[in-house]
Amino acid sequence: MMFEFTSVAFFVVFMFVAVSIVRQWVQNNNSPRLTVEAVVVSRRTHTTQQPVAGDPTSAHGFHTTTDCIVTFQVESGDQLKFSVSGREYRTLAEGDRGRLTFQGTRYLGFEPRY
């Protein structure tokens with residue numbers, strides 16, 4: 001009985017997450033691509049470690065993920081946060097000014113002005 005409950009609970013959570021991801025993807029695809037003047041106001045990383053199945057006690061038994069987040073301020077004063085690749089993250093610095101291109105919550109690029 002407990003196994004059935006756990007299985008159903010896992011399935012419900014999985015479906016909720018899957019539907020949320022698909023919904024965000026559809027919203028982004030239906031959003032216009034915008035290019036606006038912006039300034040990089042902050043950069044941060046968030047690193048998480050998850051145990052790897054089979055050897056959770058080993059020093060190497062972890063999978064590490066690093067998310068790179070950049071916050072831009074646009075001309076209206078609004079701040080927009082985007083997850084960017086590590087390569088893109090390394091090219092951006094606080095105070096950089098340029099043209100930010102995005103679609104919904106999807107970061108498409110930043111062209112700095114020197």
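**Strands, salt bridges and a surface patch**

In the hairpin of β2 and β3, G77 takes a positive phi near 100°, and four residues sit between the two strands. Quick ground rules: this is a predicted model, where local features need pLDDT of at least 70 and side-chain atom pairs count only at pLDDT 80 or more, while totals for chains, interfaces and linings use all residues. Residues are numbered from 1 along each chain as its sequence is written, and side-chain values use heavy atoms, with hydrogens and water left out.

**Exercise 1.** Work out how β2 pairs with strands β1 and β3, and find some bridge partners.

*Solution.*
- Step 1: pin down the terms. Helices (H or I, at least four residues) and strands (E, at least two) are DSSP runs, numbered from the N terminus. Two strands pair if DSSP finds at least two bridges between them.
- Step 2: take β1 (residues 33–51) and β2 (residues 62–74). They run antiparallel, with 13 bridges. H46, for one, is bridged to D67 in β2.
- Step 3: move on to β3 (residues 79–84). Its pairing with β2 is antiparallel too, over six bridges. Here Q73 has Q79 as its bridge partner, and C68 stands opposite V84.

**Exercise 2.** Find the salt bridges and say which parts of the chain they tie together.

*Solution.*
- Step 1: apply the cut-off, a side-chain nitrogen of Lys or Arg within 4 Å of a carboxyl oxygen of Asp or Glu. The structure holds two such pairs.
- Step 2: look at E37 and R99, whose side chains meet at 3.3 Å, N to O. E37 is in strand β1 and R99 in strand β4, so this pair ties together parts 62 residues apart in sequence.
- Step 3: now E37 and R113, at 3.0 Å, N to O. R113 belongs to the segment after β5 (106–112), so this link joins parts 76 residues apart in sequence.
- Step 4: put them together. The shared partners make one network of E37, R99 and R113.
- Step 5: check exposure (buried is under 20% relative accessible area, exposed over 50%, partly exposed in between; 1.4 Å probe, protein chains only). E37 counts as partly exposed at 23%, and so does R99 at 31%.

**Exercise 3.** Describe the surroundings of T101 in strand β4.

*Solution.*
- Step 1: place the residue. Strand β4 covers residues 97–103.
- Step 2: list contacts, meaning heavy atoms within 4.5 Å. Leaving aside neighbours within four places in sequence, T101 touches L34, T35, Y107, L108 and G109.
- Step 3: look for a polar contact (a pair of N or O atoms within 3.5 Å; within protein, one must be able to donate a hydrogen and the other to accept it, and residues adjacent in sequence count only if both atoms are side-chain atoms). The T101 side chain makes one with the side chain of T35, at 3.0 Å.

**Exercise 4.** Is W25 buried or exposed, and how far is it from T105 in space?

*Solution.*
- Step 1: W25 lies in helix α1.
- Step 2: with a relative accessible area of 52%, W25 is exposed.
- Step 3: W25 and T105 are 80 residues apart in sequence, yet their C-alpha atoms are 9.0 Å apart.
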